[in-house]
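This report covers helix content, packing, salt bridges and surface character for the chain shown below.

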Amino acid sequence: MWLSKKMSARPMQEEALKIYGKYDLEKSMLWMTEEFGEFFKSIRKDAGKEEITGEMGDLLAWIFCMGNILGIKLSDAVKLTFQKEINRQIVKYSKLKYCDTLKNLKIEK
C-alpha cells in the first residue's frame with residue numbers, strides 16, 4: 001500500500017478522548033449532525049475562511065469522539081476509504097485520475 005505508515009490521526013483522537021471523554025452514542029450522533037449542519041451552512045452563506053475552519057474543526061472533533069465511542073481508529077478508517085477509492089480509480093481509469101506521481105499501484109483488499 002502506498003499510504004504512509006506515518007499517516008495517523010491517533011494523537012488527535014487521543015486528545016479528543018481526554019477533552020470530551022466518551023459521551024452517549026445517540027446524543028453524540030445528534031451533536032455531530034448539528035455540527036455538520038453548521039459547517040454546511042457556513043459554506044452556503046459564504047462565511048469567511050476563519051468561520052468555516054472553526055465549523056470544520058467542530059465537526060472533526062465530533063468525528064474523533066464518535067471514533068472513540070465506537071472503538072474505531074480514524075486513521076484506519078481513512079486508510080480504508082483511500083484504498084477503496086484507489087481501487088475504484090484503477091479499475092475505471094487504470095491509474096489515479098488526479099495524480100500522475102504514484103506509479104505501479106495495484107488493487108488491494
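Asp76 is found in helix H4. With a relative accessibility of 39%, Asp76 counts as partly exposed, because the value falls between the limits of 20% for buried and 50% for exposed. Its C-alpha atom is separated by 8.8 Å from that of Ala9, although the two residues are 67 apart along the chain. The coordinates come from a predicted model.

**Overall fold**

The chain contains four helices and zero strands, so its elements read α-α-α-α from the N terminus on. Of the 109 residues in the chain, 25% are buried. Taking the contacts between residues at least 6 apart in sequence, 60% join residues at least 24 apart. The accessible surface of the chain is about 8400 Å², and carbon and sulfur atoms account for 60% of that area.

**Helix H4**

H4 has 20 residues. From its first C-alpha to its last, H4 reaches 28 Å, close to the 28 Å expected at 1.5 Å a residue. The buried residues of H4 are Leu74, Ser75, Lys79, Gln83, Ile86, Asn87, Gln89 and Ile90. These buried residues pack against H1 and H3. After H4 comes Ser94, which has a positive phi near 65 degrees.

**Helix H3**

How does the span of H3 compare with the expected value at 1.5 Å a residue? The 22 residues of H3 should span 32 Å, and the end C-alpha atoms are 31 Å apart, which agrees. The buried residues of H3 are Glu55, Leu59, Ala61, Trp62, Phe64, Cys65, Met66, Gly67 and Asn68. Their cover includes helix H1 (10-20), helix H2 (25-44) and helix H4 (74-93). Just after H3, Gly71 takes a positive phi of about 70 degrees.

Leu70 also lies in H3, which covers residues 49-70. With a relative accessible area of 47%, Leu70 is partly exposed. Together with Leu25 and Ile72, Leu70 makes a nonpolar surface patch of about 240 Å².

**Salt bridges**

A search of the whole structure finds four salt bridges. Three of them are listed here, including the N to O distance for each pair.

| Pair | Closest N and O atoms |
|---|---|
| Arg10 and Glu14 | 3.4 Å |
| Glu15 and Lys18 | 3.1 Å |
| Glu85 and Arg88 | 2.6 Å |

Arg10 and Glu14 are separated by about one helical turn because they are four residues apart in helix H1. Glu15 and Lys18 both lie in H1 as well, three residues apart, about one turn of the helix. Glu85 and Arg88 have the corresponding spacing in helix H4: three residues, about one turn. An α-helix has 3.6 residues a turn, so residues three or four places apart point the same way.

Which of these side chains are exposed or partly exposed? In H1, Glu14 counts as partly exposed at 41% relative accessibility, and Glu15 counts as partly exposed at 39%. Lys18, the partner of Glu15, is exposed, with a relative accessible area of 65%. In H4, Glu85 counts as partly exposed at 31% relative accessibility, and Arg88 is partly exposed with a relative accessible area of 40%.

Terms used. Residues numbered from 1 in each chain as written. Predicted model: local features only at pLDDT ≥ 70, side-chain atom pairs only at ≥ 80, totals over all residues. Heavy atoms only, no water. Patch = residues over 30% accessible without salt bridge, like charges linked within 9 Å, V, L, I, M, F, W, Y side chains within 5 Å. Areas by Shrake-Rupley, 256 points an atom, 1.4 Å probe, with all protein chains shown as cover. Salt bridge = Lys/Arg side-chain N within 4 Å of Asp/Glu carboxyl O. Helix = DSSP H or I, 4+ residues; strand = E, 2+ residues; numbered from the N terminus. Buried < 20%, exposed > 50% of the residue type's maximum accessible area, 1.4 Å probe, protein only. Contact = heavy atoms within 4.5 Å. Expected span 1.5 Å × (residues − 1).
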